[in-house]
Amino acid sequence: MQLILSLQDISYAYHNLKGETPALSHISFEVFQGEFLAIVGPSGCGKSTLLSIIAGLLTPEKGDLFYKGEYITDCGPGEIKQIGYMLQRDHLFEWRSVYKNVILGLELNHTLTQENIDYVTQLLIDYELYAFKDKKPSELSGGMRQRAALIRTLATHPDLLLLDEPFSALDSQTRLNVSADIAQIIRKTNKTAILITHDLSEAITLADRVLVLSKRPASIIYEMPIQFSVERHDPMKVRNTAEYQLYFNQLWEVLTNEQPITQPI
Ligand code: ADP
Ligand code: MG
C-alpha cells in the first residue's frame, strides 16, 4: 500500500495576548492510499487544528509533515492541490445554483475543462442531484446539501479528503444515512479520507482505523483498526453486529479513562 501522508512528532500551540494555548502534542501517524481514517477526541482537544496543519492552513511549530514522501511542512494552503477539505458547515453559496456551486473549485483553479464538466455532471447524476442542478442550495435537504458539498470537493480530483465533522449539522437519522452514503462514495472513488468526528458510532461505522486523541493538547492515546464481517453500506446492519459493540465499548473506555486499557487489537 502506498504511503500518502506521514506526520512525525507534530506539536502546535496558539499564541495570543493572553498567552499560549498548546493544542497538539507530539502527534505521529501515517495514512495509506485508499484508507478511511477517523480521528475522535473530546471537544476542543485540537482536532480541527490537526486538520488545518495537514491542509497547510497552519504551520506546525515542531515536527514534520510528508505527502507522498515529499516534505510539505512549510507548504502554504493550496500548494498541495490534491487535498480536498470539507467542513461542518457546507459553505454552499446561496446565490449560486447547485451546479454553479459544484464547479466553483474548478473555476477558481482555472480547470473548467469539458472533461471536468463531464466528471461533475456524472457525479451529480450518480448522487441523485442532477435534477436539482439549477436549484438554489436553500431548496435542498440537509443531506442533499452535504452531497453537493462533497461533489464540489471531489470535482478538483483530490487524492486526500479532509472531513471536519461534516455531518454534525444534520439531524441524527439523516446523519446516519448521509454519512453512510458519503463514505460509500469515497470508497467507490478509491479516495483516501481523514474524518474528524466526536461521534464514536460514526467513527466505527465508517472508518478502517480510528485514532483517539486525549484532551488538549491532543496526543494520540489509542489506535484501533476496524473490521466487520458484514457489508459496510448498511449502517444499521453494522451497528447490530457484536464487533460493533466491542469496538464501541473499547473506545468508550479509552475516552473515559484517557488511557489505553489494553494494547490495540
Ligand atoms: P476541536 O476541533 O477538537 O474542537 P480545535 O482544534 O478547534 O479543537 O481547538 C483546540 C484548542 O485551541 C481549543 O481550546 C481552542 O479554543 C483553541 N484555539 C483554536 N483556534 C484558536 C485560535 N485561533 N487562537 C487561540 N486559540 C485557539
Ligand atoms: Mg473542530
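Helices and strands here are DSSP runs numbered from the N terminus, a helix having at least four residues and a strand at least two. With that in mind, let's walk through this predicted model, starting with asparagine 190.

Asparagine 190 sits in the loop between α6 and β8 (192–197). Its phi is near 55 degrees, a positive value in a residue other than glycine. That is worth a look, because most residues other than glycine have a negative phi. As for its surroundings, asparagine 190 has 46% relative accessibility, so it counts as partly exposed, the class between 20% and 50%.

Aspartate 9 is another residue to check for its backbone angle: phi is near 55 degrees there, again a positive value in a residue other than glycine. Aspartate 9 is part of strand β1 (residues 3–16). With a relative accessibility of 37%, aspartate 9 counts as partly exposed.

Next, follow the chain to the peptide bond between arginine 216 and proline 217. This bond is cis, with omega about -10 degrees. Most peptide bonds are trans. Proline 217 belongs to the loop between β9 (209–213) and β10 (220–225).

Arginine 216 also brings us to ligand 1, since it is one of the residues that surround this molecule. The others in the shell are Tyr14, Asn16, Pro42, Ser43, Gly44, Cys45, Gly46, Lys47, Ser48 and Thr49. By class, the shell has three nonpolar, six polar and two charged residues. Helix α1 provides the largest share, three residues.

Zoom in on the backbone beside the ligand and you will find some polar contacts. A backbone N or O atom of glycine 44 is 2.8 Å from an oxygen atom of ligand 1. For cysteine 45, a polar backbone atom lies 3.2 Å from a ligand oxygen, and for glycine 46 a backbone N or O atom is 3.0 Å from one. Taken alone, ligand 1 exposes 570 Å², and the protein buries 62% of that. The elements giving two or more residues to the shell are β1 and α1 (47–55).

Our last stop is the second largest pocket, which holds about 150 Å³ of space. Its lining is made up of Asp126, Tyr127, Glu128, Arg147, Asp181, Gln184, Ile185 and Lys188. Five of these lining residues are charged, two are nonpolar and one is polar. Helix α6 (residues 172–188) supplies the largest share of the lining, four residues. That helix also takes us back to where we began, as asparagine 190 lies in the loop between α6 and β8.

Notes
Residues are numbered from 1 along each chain as its sequence is written. Chains are lettered from A and ligands numbered from 1 in the order in which they are written. This is a predicted model: local features need pLDDT of at least 70, side-chain atom pairs count only at pLDDT 80 or more; totals for chains, interfaces and linings use all residues. Side-chain values use heavy atoms; hydrogens and water are left out. On a 1 Å grid over the protein atoms alone, a cavity is a set of points where a 1.4 Å probe fits but cannot get out, and a pocket is an open set with protein on both sides within 12 Å along at least five of seven lines; lining residues have an atom within 4 Å of a point. Grid points are joined across faces, edges and corners, and a volume is the space filled by probe spheres set on the points. Ala, Val, Leu, Ile, Met, Phe, Trp, Tyr, Cys and Pro count as nonpolar, Asp, Glu, Lys and Arg as charged, and the others, Gly among them, as polar. Buried means under 20% relative accessible area, exposed over 50%, partly exposed in between (1.4 Å probe, protein chains only). A residue is near a molecule or strand if one of its heavy atoms lies within 4 Å of it. A polar contact is a pair of N or O atoms within 3.5 Å; within protein, one must be able to donate a hydrogen and the other to accept it, and residues adjacent in sequence count only if both atoms are side-chain atoms. Accessible areas come from the Shrake-Rupley method with a 1.4 Å probe; for residues, only the protein chains shown count as cover.
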